[in-house]
Amino acid sequence: MKKVGIIGVGEYLPEKILTNADLEKIVDTSDEWITTRTGIKERHVAAKGQAASDLALPASIQALKDAKINPEDLDLIVVATITGDMPFPSVAAILQDKLGAKKAACFDLSAACAGFVYGISVAQQFLACGTYKNALVVGVEVLTSVTDWQDRNTCVLFGDGAGAVVLTEVKEGGIISTYLGCDGSKVGILNLPAGGSRLPASAETVKNRQHFLKMQGNELFKIAVNTMTKAAEVVLAQAKMTFADIDLIIPHQANARIIMAVAKKLGIPEERVYLNIERCGNMSSASTVTALCEAVREGKVKRGDVILLDAFGAGLVWGACIIKW
Ligand code: UT7
């Protein structure tokens with residue numbers, strides 16, 4: 001099997017910023033509640049008409065430039081998203097056309113907040129066994145398009161953004177270990193009820209606000225902490241490593257309190273945890289990848305560093321990955 005690593009990163013966050021103060025004018029909430037309960041101060045919001053592929057494009061161009069490869073050299077595009085441009089075709093197909101990546105096979109992957117970790121794990125398999133040479137993996141969401149702006153339990157949490165990475169064969173380092181999991185028995189605690197084959201769009205589903213994301217946050221909190229802790233332990237054990245070997249943990253950004261509880265359980269000091277939740281909120285599939293891109297750009301991930309990605313979300317699904325940069 002070939003060694004596979006990330007050779008280029010890119011990200012895009014929409015221009016418009018929605019602050020906690022802005023939300024105070026929309027629902028019965030306060031900056032104090034949002035900050036202390038979640039760690040979020042502001043989030044980026046896509047402009048009207050700006051769809052997932054529009055956010056994915058600049059992130060992908062930047063990643064390809066960083067990797068110094070042309071779109072025509074891509075063999076595979078995997079887009080992790082739960083808020084694609086439309087139910088079908090895939091964002092990956094739309095993105096392929098926008099990039100001019102003519103020879104790439106393309107598909108979307110639905111694993112919510114663990115989507116990016118699932119995505120790089122899937123792409124790694126194609127590259128490791130030599131089926132393909134170059135892959136683009138994108139995590140993108142326009143979660144504000146499925147946010148109920150009348151529901152203070154959820155509308156303060158989410159944001160929009162995109163991140164992209166280019167994967168190829170590397171001589172040193174690269175992806176050391178990945179671990180993916182799912183517990184499908186808890187679909188009801190985080191989902192978007194209507195618009196699929198179970199409950200097709202109708203006047204009634206619109207009236208009942210069933211085209212918006214629903215979440216029982218409180219129930220998820222404890223599961224998130226325990227699952228992310230377990231996922232990190234499993235992926236480290238697989239790699240025969242300990243937490244002392246990890247230079248930086250880049251977790252899914254659902255809640256700063258969840259992240260810090262995981263870090264505490266794992267014995268990882270705060271300064272070795274990367275957070276962008278304060279500026280971005282929860283961007284589901286886009287959270288882990290944009291955090292990774294920012295950490296690289298800010299020089300917090302250097303050549304030879306070992307990083308741990310750790311994500312959890314609707315499904316319930318989870319994924320963890322260790323990469324030597
Ligand atoms: O992305 C991956 C999956 N997602 C997660 O893992 C999210 C996990 N859950 C969480 O992050 C947290 O549970 C939330 C941030 C969603 C909520 O925080 P919490 O500390 O669990 O609050 P809660 O749901 O227990 O609500 C506490 C109180 C309630 O009032 P009462 O019943 O105690 O009077 C809520 O009505 O806070 C109230 N509340 C709010 N107050 C002001 C809920 N939302 C708000 C709000 N502003 N926006």
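**Entry 1: cis peptide bonds**

In which loop is the place of L316? I looked this up in the model, which is predicted, and found L316 in the loop between strand 12 and strand 13, the latter spanning residues 317-324. My reason for going there was the peptide bond from G315 to L316, which is cis, with omega near -10 degrees.

I then turned to another cis peptide bond, the one that joins F88 and P89, where omega is about 0 degrees. I located P89 in the loop that lies between strand 4 (76-80) and helix 4 (91-99). I noted both bonds because most peptide bonds are trans.

**Entry 2: positive phi**

I next examined backbone phi. Most residues other than glycine have a negative phi, so I recorded the exceptions given below.

A112 is not a glycine, yet I read a positive phi of about 45 degrees for it. I placed A112 in the loop between strand 5 (105-109) and helix 5 (115-128). Is A112 buried or exposed? With a relative accessible area of 5%, A112 is buried, the cut-off for that class being under 20%.

R209 likewise is not a glycine and has a positive phi, here of about 55 degrees. I found R209 in the loop between helix 7 (203-207) and strand 10 (214-215). R209 counts as partly exposed because its relative accessibility is 27%, which falls between the limits of 20% and 50%.

**Entry 3: strand 7 and its partners**

I followed strand 7, which comprises residues 160-169. How many of its 10 residues are buried? I recorded 9, and the strand is thus mostly covered.

I then listed pairings of strand 7. Strand 1 (residues 4-12) pairs with strand 7 in the antiparallel sense, over 8 bridges. Within this pairing I checked I6 and found that its bridge partner in strand 7 is L167. Strand 6 (residues 135-142) also runs antiparallel to strand 7 and is joined to it by 8 bridges. Here I checked V140, whose bridge partner in strand 7 is A162.

**Entry 4: polar contacts of the ligand**

I moved to the ligand and its surroundings. I found 25 residues around the ligand, and the closest are T29, R37, N218, N255 and N282.

I noted the following distances for the ligand. For N218, a polar side-chain atom lies 2.5 Å from an oxygen atom of the ligand. For W33, a polar side-chain atom lies 3.2 Å from a ligand oxygen atom. For R152, the protein partner is a polar backbone atom, and a nitrogen atom of the ligand is 2.9 Å from it.

How much of the accessible area that the ligand has on its own does the protein cover? I recorded 75% of 960 Å².

**Entry 5: composition of the shell**

I asked which elements give two or more residues to the shell around the ligand. They are helix 2 (31-38), helix 6 (152-155), helix 8 (217-238), helix 9 (256-266) and strand 12 (306-313). Helix 8 gives the most, with 5 residues.

I then sorted the shell by class and obtained 12 nonpolar, 9 polar and 4 charged residues. From which domains does the shell draw at least three residues each? I found that domain 1 (4-172) and domain 2 (176-324) both supply at least three.

Note on methods
Residues are numbered from 1 along each chain as its sequence is written. This is a predicted model: local features need pLDDT of at least 70, side-chain atom pairs count only at pLDDT 80 or more; totals for chains, interfaces and linings use all residues. Side-chain values use heavy atoms; hydrogens and water are left out. Buried means under 20% relative accessible area, exposed over 50%, partly exposed in between (1.4 Å probe, protein chains only). Helices (H or I, at least four residues) and strands (E, at least two) are DSSP runs, numbered from the N terminus. Two strands pair if DSSP finds at least two bridges between them. A residue is near a molecule or strand if one of its heavy atoms lies within 4 Å of it. A polar contact is a pair of N or O atoms within 3.5 Å; within protein, one must be able to donate a hydrogen and the other to accept it, and residues adjacent in sequence count only if both atoms are side-chain atoms. Accessible areas come from the Shrake-Rupley method with a 1.4 Å probe; for residues, only the protein chains shown count as cover. Ala, Val, Leu, Ile, Met, Phe, Trp, Tyr, Cys and Pro count as nonpolar, Asp, Glu, Lys and Arg as charged, and the others, Gly among them, as polar. Domain bounds come from an automatic or database domain assignment.
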